[in-house]
Amino acid sequence: MSLLSDTNYSPQRVYALLRLLEAQDGQLGFDSIRTWLKPTLRGVEQKGSEEHTNIRQLLGATASLGLIESPSQNQYKLTAPVPATIEGFADAVHDRLVALDADHADSIVLEAYAAMVVLTEAEQGTSWLDLNAKDRAAKINKAVPAADADEEDEEKKRFNATKSSPWKRWMIFLGLGVSMPRSDFYPYPAQRLEREVVRLRSEQSLPRALEIEAFIGRIAERMPYLDGGRLFLASVERVRLPPLGRRVSRVLSGTLRDLHDDKRLVLDAIGDAKETYALTQEPHPVRNIKAVTLEGQANNG
Amino acid sequence: MAEAMHGTCWTEDRAHAVLRSVALANDEAEFLAVHQPIRDFQVSTTTGRGIEASDEALLADLSDPETRYAFCIVEGEPGAGKSHLIRWLDVKWNADDLVMLIERADGSLTGTLRQLRDQLGAQYGYLFENLAQSVEASFDGRVKLFHANLAASLSKSFFETPMGDEDWCATWELERLIGHQAVQERWGGPERILKVMSGDGGQRNSASASFNLYDIADLAQVQLAVEGLPPKALMLMRTLKKETDRIAPARAADVPAAELELDETLEIPQARRLLKALNDRRNFAVQHILGITVDGLRDMFFKLRKELLKEKRRLVLLLEDVTSWEGIDGQLIDSLVVDARTRSDVCDMISVVGMTPLYLKGIQGNYSGRITHVLRLGRVRQSGGFQETIQLATEESQAEFASRYLRAVRIDRPELEAWHKAGANPETVPNKCQTCVGRDACFAAFGASDGIGLFPFNRNAITNMFEKLEDPKGTQSLHTPRGMIQGVLAPVLLYPSRLDAGEFPPAEIEFSEWMPERSLQPSGFLAQVIDAAEPDLGRREQLRRLMMLWGDRTSEVHVGVTAEGMRSVSGVAEGVFEAFRLPWLGEGLDSAGTPSAAVAVQPGTPSSDVPAPEAPAGPTPAAPPPPSPTPISPLSATTSGRSSPSGGRSSPTSPAVSTTRLKALAEQALLWRDGKPISDPSAWEILLIDLMNEARELLPEPRFGLWERVFTKDNVKLEGSGRTDIRHFVIPREDWATRGIEAYLTNRLGTALQPLQLESNRRAIARLLRRLAELASAQLERRLAQDDPWSIDGATAQVLLARAWLRGAIAPDSPLEEQFQELLSEEQEAKSLPDDRVESWGELVKATSYWHDKLRGMLRQSLNLPLGSGAPLMNAGVVAGAMKALRDTMRTVPVPAKPEFSKGLEEIGKLVELARQTDGQLRHIPERENKSLSQRKERALALLRQSSFSHHLAKVDDAMTRTVSAFVQAAPVQYQEYSTARARSANAGLLNEADPAWERLADYLLSDDVGFQGEAEKLAHTLGVPIASLRLALETLEKAELAVDAAYKYARAFVEGNQSAGDLSVVQSFGERLAAAAERLQTKLDEVA
């Protein structure tokens, strides 16, 4: 039972289940859950099978997140307060995944994302995403820390094409990327980065602007799959990518540039080479960063 | 490069002198300096002598002293070089012949005749004197005369030599039709013809002064205003109207009328007939107002040729454009084809006449035997349309043509004159490039043609600008020498000061209406490259022009090396940037990678040629995989294995918008970026909805149902694409949107891209989707009044649940999940008899009667949590709390105080109203209904008088039976009503004491009042009351009361009314019977009461 071994569910379904349990005093039996989630409606044709695998998998994934437990057979109980909003739920899941130990079954979720960031760096772009699903998953699997024993069985690999479906749903839900038309999941952590910067500022007293090194360090703590983060470094080691040095990875470079262009934060470029980090080369006025001002002037609405 | 690039090497004055596009306008030295030998045209002769396709060979053949007669046609589209060739013949012709060059000049017939007079000179000027006695009338006056002449010429027997269509004209009474006052006033055809003949303000440009089908269509439009026409003429007008209506769409699409006339599949017989009749008479009508007699011009040429015969000279007539002779062109051509070999009284004559392909087609039938040479400067294109000018058919010939002008503008005037005086040898035209110190650098950056530098153009610029030229009116081809001069060379060469000022390429390039805006719109990526390299807006515009015109166009933005070994961006050499003082755009484009190289993924065992991760930073020994130079095409979705996380999206992989339309949208997107409007709104609507669905994927909640109501095809707009109001979701014309949409369209088209651009596009799409999702979320909040968040699903579920309770579909104390199932299910017959309940109960049910289906559908859609093709689950969690709250408190969730839900959101507006009504009424219903039921119960018990229902009714029946047998007329109505009610009660089982219906009613009537823990329980209790049985029993009891009461009153009245009338014995007998009956009745009634 893990987030990726159960495939037939979505983050939205998990949150729906949590809110249901919350509305029902925190506990429900399986039959009640089934009736709520899959009601038999008079006059409406029922789609799908009569089996309830999807509900079982939903319960499994939710339990894997540690959000419910089963005190007795077919009884399910909330283990933690339910976030008031679905965005809060995404934050909570992100926090939990970030905090997982490497030996937790779900640690693969963010490790796979870190692998994607590193592979995009190694391949100097995202055209490798256009591989077929199996090859793409195999590439990611090879870039994540290996299982204790090398697995030849495709199904037992830490990451494979089957697992990539629920994984992509989580990645999009967590604000780590988009589903690219005519391609596949595209790593683009702008939404999450913006959110984490806001949370960072609300949780800690920070100066308005952070030197780039400090900024990268803070972000690496909250988003360890990005530059300098532990998951990123683990994948770098696995892939044998040379250290970035004073460079910002391709994925983070693009994200920072977009947030700068959208006035969500400000990239300060003025400074000596020793003080700056170089962004990935591309046609953009900002090529180096000395500091990052954590607030912009954008109006989202 | 040993030398530095030079600066500006020509002057504005020289450019003006050289670039006079009218071949006959500039002086001979300039003319010869730019002359490009005309070759490779198509030539056919009927002289038996074949000639080489070159200007020199043509001259040799025509001017050969042995040539006694030649009628040479130079055919070409306007601007194709006919005039240039004819003038060149004039310059090169020998001095023995009398050579008369008649230019197009102002394009008017009178102007042409004036030239003829001037060319005759003093020696032969007298010949002209009797030719034309121009009528001294104003233009308006001449129009009227022309019109009147035209009408008169349509009458029968008008011409000495019949035209052949007189009968047809007479049948339809054309003379009266064309001569009608209203037609004269409202039909603009004749005026148009005269305007063209008058040179059209110098803009005639070989336009034909003939009536065309659009003139006929205009004439047919006059039909309604014409009164008093003979029936036949009216019939013709109606027919013309019908016929010309068929060409209206073509006219709206700016199809030239001449093209329609050539379209033989177009069935417009009467219109064609009239057109021919008018054009056949046009010359007569025109000559009449010019004062030229039918044979005037012919006579003049005869006299001239007779004079020249005496001098043993040939007459060489070089006519630049025959259309400028229209009106007397028939006479003219008749004069040209008089062959001196067939008569001895005139001199030999060589004529060379320029005409358009269309004109030639018109005369070929009549004069084919007389034409000796036909030169075709153009050739028919496979794609149709205008002919292609052979002289400029290849990129090489275009560069060569331009280079001669470039050479000429660099020559100083004295130097040019010296060359001209020295014989104007085409092989020795002065070329400044030969002595220029910056030549190598210049040639390396800009290129050269036959030793002439193309500066400030390069080959791309010449070809791109030339090929992009487009006449917005569609009336002429611009891919001609004239197009090259006016559309390519002039906008650049006339502004040398701009080069000095660092403003090259000059903005004037874009001022020409011949340069379509769309051809100067860079792709989003190129715009990004330019914006990144140059902050100044004006210089960005220069870079845009440079890249779009000097660039190679054939590939995407990339760094390369020119044949001369110079770095280039998309075909623009670095030296061009330097010469124009513009920033080099290749920065960061030459490698798709980061400054430090990455390594290939080497999973598994470490590889010896890969540095260890802890290796110090520095040169990386392992070679990175170079970015693929091969353009990458985005994969099709079938290979990407893409799945839909939230389902329900439209698939952009099977586009509803065709590829052709997508390409057009991609062009429009670039124009939209620059503030221009878009077209093809229906294609944009589909595309934008697809795009919004992509963006929706990024929302944590898909908002099914609501999304579709807010983001409809009509509501999603691009900024500036029409009127918008609060309902509309307007995508702003901001960089993230313009760049993203362009990238999205490129992606949809599957265009192969260089890796760098692919990366840039993908991120632009990601940014677009992120920003759209943010804006969409804000739009949903605005439109759904979520400033103070309220649960639409919760309110919907509560309204439906309240309705389900009140209709008795489910009890409020049932398990909530069952209630959830019930409120989402199709309704069945109401079980609670809402009409028999307290007023507010029925009101609330009625209030939702029309809306419940819509609200239920909306809720089902909204709660849907689909996943691929699997069974959908319901987002019950979002309503479970609201349902529980309603059950516990009988109150609904808060709804907006003053909602304004515009079009498309009527259900939401109604939901707010219903939620508010539910909130106001529901909580009072259980108590009120419970009280009402108690009262009804008490009344029933009182009427039963401690009997069972059946027992009580048996007594009533007995009393009524007896009464009726005594008094047939006693309470017949009331008795009937009672009987009916009784029958219904019997049918309902209430008179059978063993029947469950009676048992349930009896249980309820005999039960004690109970306390309730809450309103839900109370409501559940009221729903449990056998309301139908109670109502029926109570109704029957009330009817029984009424019947008995009425019978009693009847009997009593009868007794009182019959006490003193009639026979005493009868009275006595009746009184005894009555007394007995009344006694019995009284006993029974007492029992019942």
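**Exercise 1. A helix on a sheet of chain B**

Determine which strands helix α17 of chain B lies across, and at what angle this helix runs to β4(B).

Solution. The model is predicted. Step 1: take helix α17(B), residues 296-311, and list the strands in contact with this helix; they are β3, β4 (315-319) and β5 of chain B. Step 2: compare directions; α17(B) runs at about 140 degrees to β4(B). Step 3: place these strands in their sheet, which is open and has 6 strands in the order β1-β6-β2-β5-β4-β3 (chain B). The pairing in this sheet is mixed. Step 4: find the edges, namely β1 (42-45) and β3 (98-102) of chain B, each of which pairs on one side only. Step 5: with direction ignored, neighbouring strands of the sheet are turned by 10 degrees against each other on average.

**Exercise 2. One strand pair of that sheet**

State in which sense β2(B) and β5(B) pair and over how many bridges, and find the residue opposite Ile73(B).

Solution. Step 1: β2(B) covers residues 69-75 and β5(B) covers residues 349-355. Step 2: the two strands pair in the parallel sense, over 7 bridges. Step 3: within this pair, Val353(B) of β5(B) is the residue opposite Ile73(B).

**Exercise 3. Two helix pairs of chain B**

Classify the packing of α42(B) against α46(B) by angle, and describe the residues in contact.

Solution. Step 1: α42(B) spans residues 949-966 and α46(B) spans residues 1027-1057; their axes are 10 Å apart and make an angle of about 25 degrees. Step 2: angles under 35 degrees count as roughly parallel, and the two helices are therefore roughly parallel to each other. Step 3: the crossing of α42(B) past α46(B) is left-handed. Step 4: α42(B) contributes Phe949(B), His952(B), Leu953(B), Val956(B), Met960(B) and Thr963(B) to the contact. The residues from α46(B) include Ala1033(B), Leu1037(B), Glu1041(B) and Val1044(B). Step 5: by class, the contact holds 10 nonpolar, 3 polar and 1 charged residues.

Repeat the classification for α31(B) and α34(B).

Solution. Step 1: α31(B) is formed by residues 681-696 and α34(B) by residues 755-783. Their axes come within 8 Å and cross at roughly 85 degrees. Step 2: this angle makes α31(B) roughly perpendicular to α34(B), since the range for that class is 65 to 115 degrees. Step 3: Leu691(B), Met692(B), Glu694(B) and Ala695(B) of α31(B) meet Leu768(B), Leu769(B), Leu772(B), Ala773(B) and Ala776(B) of α34(B). Step 4: these residues divide into 8 nonpolar, no polar and 1 charged.

**Exercise 4. The sheet of chain A**

Give the strand order of the 3-stranded sheet in chain A, and explain why β1(A) and β2(A) are left without a neighbour on one side.

Solution. Step 1: the sheet is open, has the order β1-β3-β2 (chain A) and pairs in the antiparallel sense. Step 2: β1 (27-29) and β2 (68-69) of chain A stand at the edges with a single partner strand each, so one side of each has no neighbour in the sheet. Step 3: β1(A) pairs with β3(A), residues 75-78, over 3 bridges. Gln27(A) stands opposite Lys77(A) of β3(A). Step 4: helix α2(A), residues 30-37, packs on the sheet and touches β1 and β3 of chain A, at about 90 degrees to β1(A). Step 5: helix α1(A), residues 11-23, lies across β1, β2 and β3 of chain A and runs at about 90 degrees to β3(A).

**Exercise 5. The interface of chains A and B**

Find how many residues of each chain are in contact, and the area buried.

Solution. Step 1: the contact involves 92 residues of chain B and 90 residues of chain A. Step 2: the two chains bury about 8000 Å² between them, 56% of which comes from carbon and sulfur atoms. Step 3: Arg762(B), Arg763(B) and Leu873(B) supply 10% of the area that chain B buries against chain A, more than any other three residues.

**Exercise 6. Backbone exceptions**

Locate the cis peptide bonds that precede Pro456(B) and Pro505(B).

Solution. Step 1: the general rule is that most peptide bonds are trans. Step 2: the bond from Phe455(B) to Pro456(B) is cis, with omega near 5 degrees, and Pro456(B) is in the loop between β10 (452-453) and α23 (459-468) of chain B. Step 3: the bond from Phe504(B) to Pro505(B) is cis, with omega near -10 degrees; Pro505(B) is in the loop between α25 (496-500) and α26 (524-533) of chain B.

Definitions and conventions:
Residues numbered from 1 in each chain as written. Chains lettered and ligands numbered in written order. Predicted model: local features only at pLDDT ≥ 70, side-chain atom pairs only at ≥ 80, totals over all residues. Heavy atoms only, no water. Pairing = 2+ DSSP bridges. Helix = DSSP H or I, 4+ residues; strand = E, 2+ residues; numbered from the N terminus. Axes fitted to C-alpha atoms, helices over the stretch in contact; angles between N-to-C directions. Contact = heavy atoms within 4.5 Å. Parallel < 35°, antiparallel > 145°, perpendicular 65-115°, else oblique. Left-handed = near helix turned anticlockwise from the far one by under 90°. Nonpolar A, V, L, I, M, F, W, Y, C, P; charged D, E, K, R; others polar. Buried area = accessible area lost by both parts, 1.4 Å probe.
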